[in-house]
Amino acid sequence: MTFKFPVGPSKGRCNICGQETDLTENHVPPKAWAQGIALRVSSVADAISGEKKPRSHKMPNGVCFRSICRTCNGSVLSRYDKALVSMSRQVTEILRDRSKVTYNQSIRIQPQLVARGVLGHLSSVGLNRYDERHSQHLFDDRSDLLRQVRLHYWVYPYSGRTVLRDFGLGILGGKGSSAIYVLKAYPLAFVNRPGFRRHLAAINYGLGGGGYEHEAVHR
């Protein structure tokens with residue numbers, strides 16, 4: 001699949017506030033995320049094609065979408081980006097020096113701001129995808145986001161990136177389905193809690209590369 005970024009028109013409906021206006025480019029994850037790391041991205045179609053080494057492209061500054069307005073890209077997301085980038089930098093510093101990697105590690109984060117940062121960037125994925133529920137949580141940092149959404153995260157020391165929004169996942173012969181949001185980019189991965197555990201296992205394996213992931217390279 002040929003990659004052409006940024007994706008999206010110069011004018012349209014903002015994915016965060018819903019206004020019809022000029023659209024700006026948003027990087028998923030933010031550009032300040034894990035700088036100096038060689039990261040790659042491939043399409044979902046290529047990733048599940050069965051090839052041992054799916055086609056991928058270098059994208060050091062994140063996947064770029066032109067889908068949100070200047071105000072949302074600046075004053076709304078910027079306050080959450082600081083917490084999100086701080087978390088990624090702390091984990092990156094630990095992974096750069098293997099002697100620091102021990103069984104127990106601790107970092108200082110702001111969970112509400114980090115969660116909104118993840119939601120904000122994943123909201124920018126796709127075109128004309130405004131969701132009033134997302135907008136509410138992004139404009140009101142006192143809303144009950146973490147009561148409505150369970151966000152899993154884990155250390156992700158690989159060079160591939162996964163960015164998915166509204167990914168439907170079900171089990172053949174079973175009942176129920178889940179709408180999945182995924183952001184995986186060295187050094188962290190995030191996913192909202194699926195409806196049942198087998199879905200989470202599928203995400204961890206299938207969307208995680210199914211065995212073909214490679215450790216990220218520090219420049």
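The following dialogue discusses how to read selected features of this predicted model.

Colleague: Let us begin with open space in the fold. How much space lies in the second largest pocket?

Modeller: The second largest pocket holds about 540 Å³ of space. Its lining is made up of 20 residues, and those nearest the centre are L119, H134, V149, Y181 and N192.

Colleague: Which elements each supply at least two residues of that lining?

Modeller: Three helices and two strands do so: α3 (111-123), α4 (132-139), α5 (145-148), β9 (160-170) and β10 (177-185). Helix α3 gives the most, with 4 residues.

Colleague: How do the residues of the lining divide into nonpolar, polar and charged?

Modeller: The lining of the second largest pocket has 10 nonpolar, 4 polar and 6 charged residues.

Colleague: I should like to turn to charged pairs. What is the general idea, and how many salt bridges does a search of the whole structure find?

Modeller: In general, side chains of opposite charge can pair when their charged atoms come close. A search of the whole structure finds 6 salt bridges. One of them joins R66 to E25, with 3.6 Å between the closest N and O atoms. R66 belongs to strand β7 (residues 63-68) and E25 to strand β3 (residues 24-28), so this pair ties together parts that are 41 residues apart in sequence. E25 counts as partly exposed because its relative accessibility is 38%.

Colleague: Where do R79 and D141 lie, and what does their pair tie together?

Modeller: R79 and D141 meet through their side chains in a salt bridge of 3.5 Å, N to O. Since R79 is in helix α2 and D141 is in the loop between α4 and α5, the pair ties together parts that are 62 residues apart in sequence. Both partners are partly exposed: R79 has a relative accessible area of 34%, and D141 has a relative accessibility of 32%.

Colleague: How far apart in sequence are E93 and R96?

Modeller: E93 and R96 are 3 residues apart, about one turn of helix α2, in which both lie. Their side chains form a salt bridge at 3.9 Å, N to O. E93, at 44% relative accessibility, is partly exposed, as is R96 at 37%.

Colleague: Helix α2 also contains a serine that interests me. Is S88 buried or exposed?

Modeller: S88, within helix α2 (residues 70-96), is buried, with a relative accessible area of 0%. Its side chain reaches the backbone oxygen of V85 at 2.9 Å. Leaving aside residues up to four places away in sequence, S88 touches W33, A34, P187 and L188.

Colleague: How should S67 be read, and which residues does S67 touch?

Modeller: S67 is in strand β7 and is buried, its relative accessible area being 1%. Beyond residues up to four places away in sequence, S67 touches R13, C14, N15, L23, T24, S124, G126 and L127. A polar atom of the S67 side chain lies 2.4 Å from the backbone oxygen of S124. Between S67 and K11 the C-alpha atoms are 8.6 Å apart in space, although 56 residues separate the two in sequence.

Colleague: A lysine in strand β10 also caught my attention. Why does K184 count as buried?

Modeller: K184 lies in strand β10, and the classification rests on its relative accessibility of 1%, because buried means under 20%. K184 and W154 are 30 residues apart in sequence, with a C-alpha to C-alpha distance of 9.4 Å.

Colleague: Finally, let us consider backbone geometry. Which peptide bond to P29 is cis?

Modeller: Most residues other than glycine have a negative phi, and most peptide bonds are trans. Here the bond from V28 to P29 is cis, with omega near -5°, and P29 lies in the loop between β3 and β4 (37-38). The bond from Y186 to P187 is also cis, with omega near 10°. P187 is in the loop between β10 and β11 (188-192), and P187 is among the residues that S88 touches.

Colleague: What is the phi of N128?

Modeller: N128 has a phi near 55°, a positive value in a residue other than glycine. N128 is placed in the loop between α3 and α4 and is exposed, with a relative accessible area of 55%.

Notes. Residues are numbered from 1 along each chain as its sequence is written. This is a predicted model: local features need pLDDT of at least 70, side-chain atom pairs count only at pLDDT 80 or more; totals for chains, interfaces and linings use all residues. Side-chain values use heavy atoms; hydrogens and water are left out. On a 1 Å grid over the protein atoms alone, a cavity is a set of points where a 1.4 Å probe fits but cannot get out, and a pocket is an open set with protein on both sides within 12 Å along at least five of seven lines; lining residues have an atom within 4 Å of a point. Grid points are joined across faces, edges and corners, and a volume is the space filled by probe spheres set on the points. Ala, Val, Leu, Ile, Met, Phe, Trp, Tyr, Cys and Pro count as nonpolar, Asp, Glu, Lys and Arg as charged, and the others, Gly among them, as polar. Buried means under 20% relative accessible area, exposed over 50%, partly exposed in between (1.4 Å probe, protein chains only). A polar contact is a pair of N or O atoms within 3.5 Å; within protein, one must be able to donate a hydrogen and the other to accept it, and residues adjacent in sequence count only if both atoms are side-chain atoms. Contact means heavy atoms within 4.5 Å. A salt bridge is a side-chain nitrogen of Lys or Arg within 4 Å of a carboxyl oxygen of Asp or Glu.
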